[in-house]
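I opened the model today to look at one sheet, then at a few side chains elsewhere. These are my notes in the order I took them.

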Amino acid sequence: MTRLCEQVRAWLRGSPADLGPAGEDPAAAAAREAVRARGRQFRRLIAANAQGLRAMAELEEAMAGTRTFDMAWLRAHAVAACSAVYQMVFGLSALAPEHGVGLAERFTLIRREMDTLLAPREPAAGAEAPLVLPLAEVRATHAPVCGGKMAMLGELGAHGLPVPEGFVVTTAAYRRFLQSNGLGAAIDGLIQGADSDRLDALMSLSAAVQGLILRTPVPPDLAEAVLAACDGLPPRTPGTDGPPRLAVRSSALGEDAAGASFAGQYHSELNVGREGLLDSYREVVASKYGVAAMAYRRGKGLRDEDVAMCVGCLRMVRAEAGGVIYTRSPVDPDDDAVSVTATPGLPKAIVDGGVTPDVFEVARGEGGAPPSIRSRRIAQKSLRLDSAPGEGLARSRLSAAASAAPSIDDEAVLTLASLALRVEDLLGEAQDIEWALGRSGRFYLLQTRALPRQACRAQGQARGESRAGGRERTVPADARLLAEGGVTASGGVGAGQVHVVDKEADFLSFPRGGVLVAATSSPRLAALLSRAAAVVAEHGSVAGHLASVAREFGVPALFGVSDAPRVLSGAGLVTVDADGRAVYSGEVSSLLAPAPAGQPASCPLSGPGVPPPDSPVRRTLERLAALVVPLGLLDPEAPDFVPAKCRSLHDITRYCHEMAVRAMFSDEGQAAEAAASGKRLAVGRATKYWVVDLGGGFVGDVPGPAVKLSEIACAPMLAVWAGMTAIPWQGPPMPDARGFLSLVAQSAANRDIEPGLDSAFAERDYFLVSRRSCTVQARFGYHFCTVDCHAGPRPEENYAAFQFKGGAADLPRRRARAEMVGRLLARRGFISEARQDALYARLENAPREEMLRHVMVLGHLLVHTRQIDMVMGDPATVAAWEERLGEECGRVAALPLPLPAGNGGEDDDPASNDPGGDAVPHSPSDIRTSRTDAAQSE
């Protein structure tokens, strides 16, 4: 440091007579390069600061429940935050080693806690289980090793209820399979590298992982155990004939659990022979990574590593009829009737949503009376599914007589209702039961799960009225009816633009908040429920898998609507009243429940992709956020503003930023070094702004501690300054009562952001400049802004970025301001993204003059958006400020460009780019600092 100061002094007092043959004293040249190297290191640090704060803002957004996330997302953002903070810690050690003592140790401790929290965990349950268990030996307590579905089926069999014979391939077998050939590690790598928040990326990830699983051979010991269990089944049981065939069904951990049924999200292979059994096992395991299944886990907040895939292999029932029983209504809490649905052949046609079944409502009976049939709805059934003569299934058309006939007789209905009530009594809660009737006349229970019940009234409700949000709503007389009828598969009302989904490509174009319309209520449509305001299907029933998932996530669904895709295609905005079984043109506001503040009525905060508060992933987020987000270091002048008091990554970024700014701009230490590090901007008098020349930013040598605007050769800086000063700031607007209270609260909590004080923040605003690039960081009262831009002769290299965070008001007002500024910039061509009270906007590839005009607008917003969050209390005020600022931005953009002398030296010579190579990166996101990079820059 002493040597650097001596070089700076020599540079400052040097005379032309002292210069060597090259025209510059070696000591002065060395001092100049040392200053620029420090400037480059400082810019890397502030770029890392921006990256870290963005990762923190996204974690805050997830905490607020306004974005989707899963474990892969949490791990990725934890890595991003740690990477940025590490760069800051290392950068501070290079700029001011005396301030970084003990900081690396604090960072390491926090990072280790994060690593422990986020590390994938091997489930302990079932570690010593056999690879295969006979179903006859399985009980409810075996759920950790056999999955809930097979555990409950084994429990039913143990109590004398009719279930097929079979066996279960356990969690131990699943782990054995993943350990073979490094399969598990390869899957984890694919998941961590994917952006599962985008549907197209999720589809690509699904295809890659499933392909990997299907290509991996089953380990020999596992294959031997599975085939031996198959060979041990008796050759024949009542209700079956021909060679043994199996139904290979998923039984994942957590499947069929309360509130997480996974209905239809995993794969089943039916009518499988011994020769296809191992392939079918891999197919079921691979279905864990189907698009709908991954979206479902994300919505439920379940960790991938917590879901081990067990597989049940059951004797295939050659069914005359099959269906689903609900022991109570899933949509009407007041209805305790048993609902029996039935269709000819296998029940798969019902649960997959391909047919509309017969429905029998059975009264439970009172005072010891037996159950009795209360109502019958016999559907027109066009097809049936049966086991094919070899493997697989066969689809056949029903005759006109069979189509109109009941699938089962009344005696069968009452027998099934009695069986279902026995199951409910045994398990102590309402059940969703899948059943089949064998050719021998024997009934089989194929599956049972707890029945989630939706708290809405749907059955028997008049079409003219609907219940939503706890109050009756009447349909206006002028509402135009587009479609009606069908059944309420999931209660509620939703509005949005119609989007007919027919093929896979339609998934990718489905809009957020749209109304999903399809021919069948296929379970694969569950992948779109996170985006859908409502679902309408031509075929399907309340008993289908998609209906179950829609009820779990509170998405209104109306199934069995005749010719729905044709009738609603091109209808535009519609309102789906699933309770009233009707679809209306436009948005019928009287039917829609009030939405949460700032959220469209048709796009609820809860839904797939937003994990519930008590989910494992949500709990992990809360623990992670506690290590990353809280800011305890508020006062830079306080005695506890030291590394040892850093309790979070946010504390470390705050400390690093403050100390780096002091190292670059304070008057502490050697005066010569301070002058070389930065110069005060003088506009008539010295301002609070510091300017650091990273190479070519000044017009020649600028002696002394200040720099004038006429000595600035950086066109982007002049453009920012012109925008900042073109229209005088009139001071903060008068806050309303609530805004004033927010101001008082913030000021009491943090004296450094009180505008009336000579705070530390007020002296820490700076420009980092080269000839064509400029970075501005400024704190205006209660909010912190960054402008980063490059404007040169090549449009493809030009960009402007704007970041904005903070405020004095409460979060809704700060969020309203960020969203308003985002809209203003979006209208000028910026890509804008608001996250809570933070805004990120960027524009690229504009010609130099056009880019400089955009930068002038950013300069205007830098100054004129300060403290207006305090008045963002109502939509009218927001609209008024948006109109005013939009008009002012237009005026600023039309002003003459404030180009430096000689037009900034612009030409088309490729060699005329900014000196210093990587001294001026194109954006903070382009900067990657390593220990080697930082050392070389010094």
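I started with strand S6 (residues 319-326), which pairs with S12 in the antiparallel sense over seven bridges. I am working from a predicted model throughout. One pairing I looked up was that of Ala-321, whose bridge partner in S12 is Leu-437.

I then turned to the other neighbour of S12. Strand S12 (residues 431-438) is joined to S13 by seven bridges, and the two run antiparallel. Within this pairing I found Gln-431 opposite Ala-450 in S13, and Trp-435 has Leu-445 as its bridge partner in S13. I followed the chain from S12 to S13 and noted a hairpin with four residues between the strands. In that turn, Gly-441 has a positive phi of about 95 degrees.

Next I wrote down the whole sheet. It is open and has six strands in the order S9-S8-S7-S6-S12-S13, with antiparallel pairing. Strand S9 (372-377) and strand S13 (443-450) each have a single partner strand, so one side of each is left without a neighbour in the sheet. Neighbouring strands of this sheet are turned by 20 degrees against each other on average, direction ignored.

How many residues of S12 are buried? I counted eight of its eight, so I put S12 down as mostly covered, with buried meaning under 20% relative accessible area. I also sorted the S12 side chains by direction. Gln-431, Ile-433, Trp-435 and Leu-437 point one way, Asp-432, Glu-434, Ala-436 and Gly-438 point the other way, and all are buried.

I moved on to the aromatic rings. I describe a pair of aromatic rings by the distance of the centres and the angle of the planes. The count comes to eight aromatic pairs. For Tyr-689 and Trp-721, the ring centres are 5.5 Å apart and the planes stand at 85 degrees, so I entered this pair as edge-to-face. Tyr-689 lies in strand S25 (residues 685-693) and Trp-721 in helix H21 (residues 715-725), so the pair ties together parts that are 32 residues apart in sequence. Both residues went down as buried: Tyr-689 has a relative accessible area of 8%, and Trp-721 has 11%. Elsewhere, ring pairs link Tyr-86, Phe-90 and Phe-107 into a cluster.

My last entry is on Arg-40, which I located in helix H2 (residues 26-63). Is Arg-40 buried or exposed? Arg-40 counts as buried, at 11% relative accessibility. I also checked its C-alpha atom against that of Leu-694: the two are separated by 6.8 Å, although the residues are 654 apart along the chain.

Methods. Residues are numbered from 1 along each chain as its sequence is written. This is a predicted model: local features need pLDDT of at least 70, side-chain atom pairs count only at pLDDT 80 or more; totals for chains, interfaces and linings use all residues. Side-chain values use heavy atoms; hydrogens and water are left out. Two strands pair if DSSP finds at least two bridges between them. Axes are lines fitted to C-alpha atoms, for helices over the stretch in contact, and angles run from 0 to 180 degrees between N-to-C directions. Buried means under 20% relative accessible area, exposed over 50%, partly exposed in between (1.4 Å probe, protein chains only). Rings of Phe, Tyr and Trp (its six-membered ring) pair if their centres lie within 6.5 Å; planes under 30 degrees apart count as stacked, over 60 as edge-to-face and the rest as tilted.
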